[in-house]
Each structure stands twice: as C-alpha cells, then as structure tokens.
Amino acid sequence: MKVVTHENYDQMSKNVAQRIAQVVTKKPNAVLCLPTGSTPIGLYREIIRLHKEENLDFSNVTAFNLDEYFGLPEEHPQSYSYYLWNRLYKHINIPKENIHYIRVLSNKLEDVDQYCQEHDATINELGGFDLLVDGIGLNGHIGFNEPADELIPHTHLEPLSQSTIDENSRFFDSKNDVPRYALTMGMGTIFKAKQIILIASGSHKSEIVHKILHSNVTTQIPATLLHLHQNIEMHLDHEAAKLL
Ligand code: PGA
C-alpha cells in the first residue's frame, strides 16, 4: 500500500481532488465510488471549485456511495444520500440518473437481499469502479464492513459495531438515535475498483493508520484486506501520519 503524507488537511483534500479530476478527465464516463463522513468534506469543496472554476465535467460520470444507514428517511440530514446530494452532487453537473445511492425502501429482509443483489449486478454491468475513495473508521472498518471473524463479500445489511455507534453519535442528538444497521458494499464489491484511495485526517486516526499499515491481513481490521489490492494508496495529513 503506497502511503502519501500531506502537510495538512487542505493539501490532502486538494491532492485527492486532483486525482479524481485526472480520472474523470481521462475517462469522461468514469464510474466513481465516493465516501461520506467528516474526512471528505474538504475534498468535495475542492471538487466543486474545480467544477465551477476549471470546468471539470461530470456530465457522463456515474457515482455510487459506499454505504447508507438502514431505516433513515432519505431527507434525514444524517442520511448519506442527503449528505452527498448537499455536499457534492447538487453543485456539479452529474445527471441525477447517474447517481446511485444504496437505498432500499422496504424493511423486509427478502426485499433487502434482492435489492443488494441488483445493486451489485448494476456495478458489475458497469465494469466496477474506476476509482473508489474511502475514509477509515477508528476500528478499521471500510464502508460499514465492521471487524468480525468473517466478512461478507457483496452488498449487504450490516449490524453496526458499538465503536461505530459511539463514533457516529456525534452527528446525532443522542446515541439512541444512531441507526443500528447499515447497508454497505462488501469487500468483494470494493475490490472491483481499479484504483482505491484511502483518506485519513487528524491525530485520532493515527493509531488505526499505524495498525493498518503494520498488521497482517485480518478481518478484525477490515482495512488490512486492502493490502491485497494491486492499486491502492493511503493519503494522510500530517496528524494522521504522526505514528508512522
Ligand atoms: P470520518 O469517517 O471521515 O467521519 O472519520 C470515516 C469512516 O468511518 O469510514
């Protein structure tokens, strides 16, 4: 895994935005898979700037997001479709029909399974992702693939770990309001990306970054599986890299 350390968050965001711009410029119909969370906020700000000031064109781009809370209405400010629409999509010229959220309206498990299969089939038909960008959870989760003895390869419903519920409770009024389940792409779907960029910022991420880079591959730290991917970079700001 190649590691790229940046002076600060702003530099990291700008650099990764440039990487997305390169992919989209080289292949105007690129398929992207994009993250949510606090880490990519600067990245999206920079992409919007590149679109508005340098005419970066998204008119043929297709975008997926990695995961979504299960059971939150679409218009809930913490839903990932709300996040991506408001922080990125509505500010660039990506056509609505090219935006793929992970969103199932039914709560019935057989409908969820069916939905997940169809979701993976759509990704397969498009040939996987040209570029997948993701943040890193404090417990090493990727998307919402939580540490476990076994990981599920395809898109699925995942119970959230206590660590993720605690970490994400900062976005909700109380811990009780954090959904207990999420839909996430599995590691197999993530591996369909031709290129993966992991991003981490802040000293609170330094320990998990160190662990990922120095551990053997283990499902107890899902991000370590990415050591097996042939084209992956981890981009860090100075603080996240401080234990390296
Ligand atoms: P964060 O989340 O960007 O809010 O730190 C990353 C993650 O949990 O994947």
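**Notebook: surface, fold and cores**

I began with the surface, and the accessible area of the protein chain comes to about 11200 Å² (Shrake-Rupley method, 1.4 Å probe), with 47% of it belonging to carbon and sulfur atoms. I note that this is a predicted model, in which local features need pLDDT of at least 70 and side-chain atom pairs count only at pLDDT 80 or more, while totals for chains, interfaces and linings use all residues. Residues are numbered from 1 along each chain as its sequence is written, and side-chain values use heavy atoms, with hydrogens and water left out.

I then looked up burial, and found that 54% of the 244 residues in the protein chain are buried, meaning under 20% relative accessible area with a 1.4 Å probe, protein chains only.

Next I turned to the largest nonpolar core (buried Ala, Val, Leu, Ile, Met, Phe, Trp, Tyr and Cys residues joined through side-chain atoms within 4.5 Å). This core holds 36 residues, of which Phe-129, Met-185 and Ile-190 touch the most other members. Among the elements that give it two or more residues are strand E2 (31-34), helix H4 (109-125) and strand E10 (232-237), where helices are DSSP runs of H or I with at least four residues and strands are runs of E with at least two, numbered from the N terminus. H4 gives the most to this core, with four residues.

I also listed the contacts of Met-185 (heavy atoms within 4.5 Å): leaving out residues up to four places away in sequence, Met-185 touches Cys-33, Phe-64, His-119 and Phe-129, among others. Apart from this core lies another, of 31 residues, including Ala-17 and Leu-131.

Technical notes:
Buried < 20%, exposed > 50% of the residue type's maximum accessible area, 1.4 Å probe, protein only.
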